[in-house]
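Thanks for coming. I will go through one structure today, starting with its interior and then taking a few helix pairs and single residues.

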Amino acid sequence: MEPGKDPERLAVDLRFDVPHSARVYDFLLGGKTNYDADRDAARAAVEAWPGLPVGMRHNRMFMHRVVRHLVGEYGIRQFLDIGTGIPTPPNLHEVAQGIAPESRVVYVDNDPIVLVHASALMKSAPQGRTAYIEADFRAPESVLGAPRLHEVLDLTKPVAVSLIALVQFLRDEEDPYGIVRRLMRDLAPGSFLAMNVLTADTNPVQLAALEQEYTSQGIPLKARTKAEAEAFFDGLDLIEPGVTLIHHWRPDEDVLADGLRDADIAGYGGVARKRA
């Protein structure tokens, strides 16, 4: 726990009797940081859409591929991972530092559950550095203005912003597009935006049931079309293959051999570079 954190506040925020999106995600990935309410909500969500666990695993695989390509092909050595969630190995810094040990990663979340487990995100290779900051994606200035961010990352050099399984929890009235634009606005040319976006395009009936199930559990969920997913990258240069279903984004052999149908996946993903 970070110094100065109020344990009573954490005790209130950690409501184990109410399902939480991070713990539901953890359960579906096979993690152990979840409770009865989360497991019940997860099982109900899977009943609504049986492909949910597969989709969540492919969210992680997409992130791993993105990081490998950005480090290996584009020389990126700085990452800003927002909406980190409960640590699930391999975490982003483990993938990046496995290729370039000098890589630096800042994780961001406003979830006290993640805060409790943040020590797992701080085990950097000695040549690099990692940090965790508590800030709210909905308030980009709280992220970009955090002193700890500037201790670890040099924003005069390219940074890759990672938004994985995050914007689906933002309603349109919360201006997710404006938030993403603000995050990218002051970053150096050559920076990247990497993100995925929940969609119902591949399986409208079951995804509508999933949205309804999550919302009934107090976790608002918003699926978007391909055009709406592409709009997050407006003003940036998409790298190949553009915005695709996540299992089509530069797939590894294990993904190609998985026998997935598009109907099993409910997420578009893309990576784009900020122009010079």
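The largest nonpolar core in this predicted model has 47 residues. Those with the most contacts inside this core are L52, V67, L70, F79, L210, Y214 and V271. Several elements each supply at least two residues to the core, among them α2 (21–28), α3 (36–48), α4 (52–74) and α10 (204–216). Strands are on that list as well, including β2 (104–109) and β5 (192–198). The largest share comes from α4, with eight residues. As general background, nonpolar side chains in soluble globular proteins tend to be buried together.

Take Y214 as a way into this core. Which residues does Y214 touch, not counting those up to four places away in sequence? They are V24, A45, L52, M56, F169, I219 and L221. Apart from this core lies another one, of 37 residues. Its members include A135, L144, L166 and F233.

Now the helix pairs. α2 and α3 pack with their axes 9 Å apart, at an angle of about 70 degrees. Because angles of 65 to 115 degrees count as roughly perpendicular, α2 is roughly perpendicular to α3. Their crossing is right-handed. On the α2 side, the contact is made by R23, V24, F27 and L28. On the α3 side, D38, R39, A41, A42, R43 and V46 take part. By class, the residues of this contact divide into six nonpolar, no polar and four charged.

The second pair is α3 with α10. Here the angle is about 160 degrees, and the axes are 8 Å apart. Roughly parallel or roughly antiparallel? α3 is roughly antiparallel to α10, because the cut-off for that label is over 145 degrees. This crossing, too, is right-handed. A44, A45 and A48 of α3 meet Q206, A209, L210, E213 and Y214 of α10. That contact has six nonpolar residues, one polar and one charged. Y214 has come up before: the Y214 side chain belongs to the residues with the most contacts inside the largest core.

Next, three single residues.

H69 lies in helix α4. Is H69 buried or exposed? Its relative accessibility is 16%, so H69 counts as buried, the limit being under 20%. Leaving aside neighbours within four places in sequence, H69 is in contact with Y74, W249 and R250.

N91 sits in the loop between β1 (78–82) and α5. N91 also counts as buried, because its relative accessibility is 5%. With residues up to four places away in sequence left out, N91 touches R60, Y107, A120 and L121. Take R60 from that list: N91 and R60 are 31 residues apart along the chain, and their C-alpha atoms are separated by 9.1 Å.

D234 is in another loop, the one between α11 (226–231) and β6 (237–238). At 57% relative accessibility, D234 counts as exposed, since the limit for that is over 50%. From D234 to L183 the C-alpha to C-alpha distance is 13 Å, with their positions 51 residues apart in sequence.

To recap: α4 gives the largest share of the largest core, eight residues. α3 packs roughly perpendicular to α2 and roughly antiparallel to α10. H69 is buried, N91 is buried and D234 is exposed.

Technical notes: Residues numbered from 1 in each chain as written. Predicted model: local features only at pLDDT ≥ 70, side-chain atom pairs only at ≥ 80, totals over all residues. Heavy atoms only, no water. Core = buried A, V, L, I, M, F, W, Y, C linked by side-chain atoms within 4.5 Å. Buried < 20%, exposed > 50% of the residue type's maximum accessible area, 1.4 Å probe, protein only. Helix = DSSP H or I, 4+ residues; strand = E, 2+ residues; numbered from the N terminus. Contact = heavy atoms within 4.5 Å. Axes fitted to C-alpha atoms, helices over the stretch in contact; angles between N-to-C directions. Parallel < 35°, antiparallel > 145°, perpendicular 65-115°, else oblique. Left-handed = near helix turned anticlockwise from the far one by under 90°. Nonpolar A, V, L, I, M, F, W, Y, C, P; charged D, E, K, R; others polar.
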